[in-house]
Amino acid sequence: MKSFRIADADAISHDNVKAAILKPSKGKRNRADVARVLSDIEKSIETIVQYEQDLLSGKETLKAHEPCIINERGPHKQREILKPDYMPEQIIHHIAVNAIKEAVLSGMYVYVLGSVPGRGAHLGKRVIEKWIRTDEKNTRIVGKMDIHHFFQSVDHEILRAWIRKKIRPGEIRNLCEILIDACEEGLPLGYYTSQWFANFLLQPLDHYIKEELHIKYMTRYMDDIVIFGSSKKEIHSAVRAIENYLMGNLNLQMKDNWQVFRLEYEAQEAAIMAGSLRELILMQNKLESKKIKHKCKMHGKKRKIFIAEQVYTRKKPEIDALIAKYHGTMQMETMLHGRPLDYMGFEFHRNKTIIRESIMLRATRKAAQISKQEKVCWKDAASLLSYIGWFSATDTYNTFEERIKPKVSVKTMRKIVSKHQRRLNNADHMERGNRNPAKSTGRA
């Protein structure tokens, strides 16, 4: 495994510190605390460099923050978020991440998704669609699992040991260790460093799944893991091995609600109807006595007996005799079996990809809410446009035409957001512009 030596002087150079100041300021430059930092950026750079040195020497300590409770997708899922100050904490976080980014990305599995630049949900969607549509044999069975309270459960000692193994001694490594201890337990949600440390910690797990378990198709979206295989035995064995690895090597626990299931597929089946319900029951009893595998279920508002095409072909004379005896009819039907994969907000079917139902409902409710407003707020317009991205990236345009388009105009929403952004850009340009002092001429 390659280890990295990070140049401490480069990490806190003038240009890198300036970039770390500007990046987290985006979208909040009208705030008083951010405006103060940007008004004299050279002085701010000196302050940040001094603060980083004081942190390393022990003269300064990280500020403790009270957690903010938020409800995600309803009151049943609560998260504790810590909100660090822009100056100096968020800037220090960006300095640390920019310095270790190369070390984190080196050796990272190519389909680790989420919180990594250029590797979002849409990349995962394209990759999974390619797998399940071009290699049906090796994507028959799906294993889906995630880690119980992942961020809160991260073991500081294990994370520090992995950082020491991958990054050579230096000021930046010491800074990372200080940032890890910012929270007594786990990694704090809301810190820019947490998502990078989390992906860094799970790198050995990714290599274990690919190189030792030899799983052909695997993807991870932060702590949500999906693996594909050709048999349930293979995937069940892999899930148990992953669970043992998490507990034994990373001191993490897999959630109990892990799933192994057959991915949705189509199959031709013989659908048989009888002259009456009584005759249908008699036919079913005869099939059971002859040990012919079948299922009886409702289809097209009528109860029918379904027999797989291979079984029907093999037992055709016997089955046709029963159909004639009980005044029945038979026709071949294409039936769906298994279930789709619900992952990253998408539902993956063999021949299409649609939006998760909860996201679709939130989008339609937002459209209904906007349609009742006399003057649309730019935040509501931006929120709806973000939902529109889900519709444009999936096979759900008919739902958009039925539930969104009649209520709101997407073109109008774009104009509202664009107008608001232009106003912000103009204000930001004027604040950063070099204006002449009072009582001076307008000429240079």
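## The five-stranded sheet

In this predicted model, five strands come together as an open sheet with mixed pairing, in the order E3-E5-E6-E4-E7. Its edges are taken by E3 and by strand E7 (259–262), each of which pairs on one side only. Further in, strand E4 (residues 141–146) and strand E6 (residues 224–229) run antiparallel and are joined by 6 bridges. If you would like a landmark here, look for Met145, which stands opposite Ile225 in E6.

Two helices are worth viewing together with this sheet. H6 lies across E3, strand E5 (217–221) and E6, and runs at about 160° to E5. H11 also lies across E3, E5 and E6, with an angle of about 165° to E5.

## The three-stranded sheet

A second open sheet to visit has 3 strands, in the order E12-E13-E14, with antiparallel pairing. Strand E12 (341–343) and strand E14 (353–355) are the edge strands; each has a single partner strand, so one side of each is left without a neighbour in the sheet. On average, neighbouring strands here are turned by 25° against each other, direction ignored.

E12 pairs with strand E13 (residues 346–348) in the antiparallel sense, over 3 bridges. Within that pairing, Leu341 has Phe348 in E13 as its bridge partner.

## The nonpolar cores

Leu341 also leads us into the protein's interior. The largest nonpolar core has 90 residues, and Leu341 is among the members that touch the most others, along with Ile128, Phe150, Phe197, Leu205, Ile227 and Phe228. Helix H5 (residues 86–105) gives the most to this core, with 10 residues.

Which residues does Leu341 touch, leaving aside those up to four places away in sequence? They are Ile128, Val142, Lys144, Val226, Phe228, Phe261, Leu263, Phe346, Glu347 and Phe348. Apart from the largest core lies another, of 17 residues, including Ala381, Ile388, Phe391 and Val410.

## Aromatic pairs

The whole structure holds 11 aromatic pairs. In one of them, the ring centres of Tyr111 and Trp131 are 5.5 Å apart and the planes stand at 80°, so the pair is edge-to-face. This pair links distant parts of the chain, 20 residues apart: Tyr111 is in the loop between H5 and strand E3 (112–113), while Trp131 is in helix H6 (residues 121–134). Tyr111 counts as partly exposed, at 25% relative accessibility, whereas Trp131 is buried, with a relative accessible area of 7%.

Tyr208 and Tyr245 offer another arrangement: their ring centres are 4.5 Å apart and their planes are at 20°, so this pair is stacked. Because Tyr208 lies in helix H11 (residues 203–212) and Tyr245 in helix H12 (residues 232–250), the pair ties together parts that are 37 residues apart in sequence. Both tyrosines, Tyr208 and Tyr245, are buried.

## A ring cluster and two charges over rings

Ring pairs also build a cluster out of Tyr109, Tyr111, Trp131, Tyr217 and Phe228. Two of these names will be familiar from the edge-to-face pair, Tyr111 and Trp131, and Phe228 has already appeared among the contacts of Leu341.

Finally, have a look at two places where a charged side chain meets a ring. Arg262 lies over the face of Tyr265, at 3.7 Å from the ring centre. Lys297 is placed over the face of Phe306, and here the distance to the ring centre is 5.1 Å.

Methods: Residues are numbered from 1 along each chain as its sequence is written. This is a predicted model: local features need pLDDT of at least 70, side-chain atom pairs count only at pLDDT 80 or more; totals for chains, interfaces and linings use all residues. Side-chain values use heavy atoms; hydrogens and water are left out. A nonpolar core is a set of buried Ala, Val, Leu, Ile, Met, Phe, Trp, Tyr and Cys residues joined through side-chain atoms within 4.5 Å. Buried means under 20% relative accessible area, exposed over 50%, partly exposed in between (1.4 Å probe, protein chains only). Helices (H or I, at least four residues) and strands (E, at least two) are DSSP runs, numbered from the N terminus. Contact means heavy atoms within 4.5 Å. Two strands pair if DSSP finds at least two bridges between them. Axes are lines fitted to C-alpha atoms, for helices over the stretch in contact, and angles run from 0 to 180 degrees between N-to-C directions. Rings of Phe, Tyr and Trp (its six-membered ring) pair if their centres lie within 6.5 Å; planes under 30 degrees apart count as stacked, over 60 as edge-to-face and the rest as tilted. A charge sits over a ring if NZ of Lys or CZ of Arg is within 6 Å of the ring centre and within 35 degrees of the ring normal.
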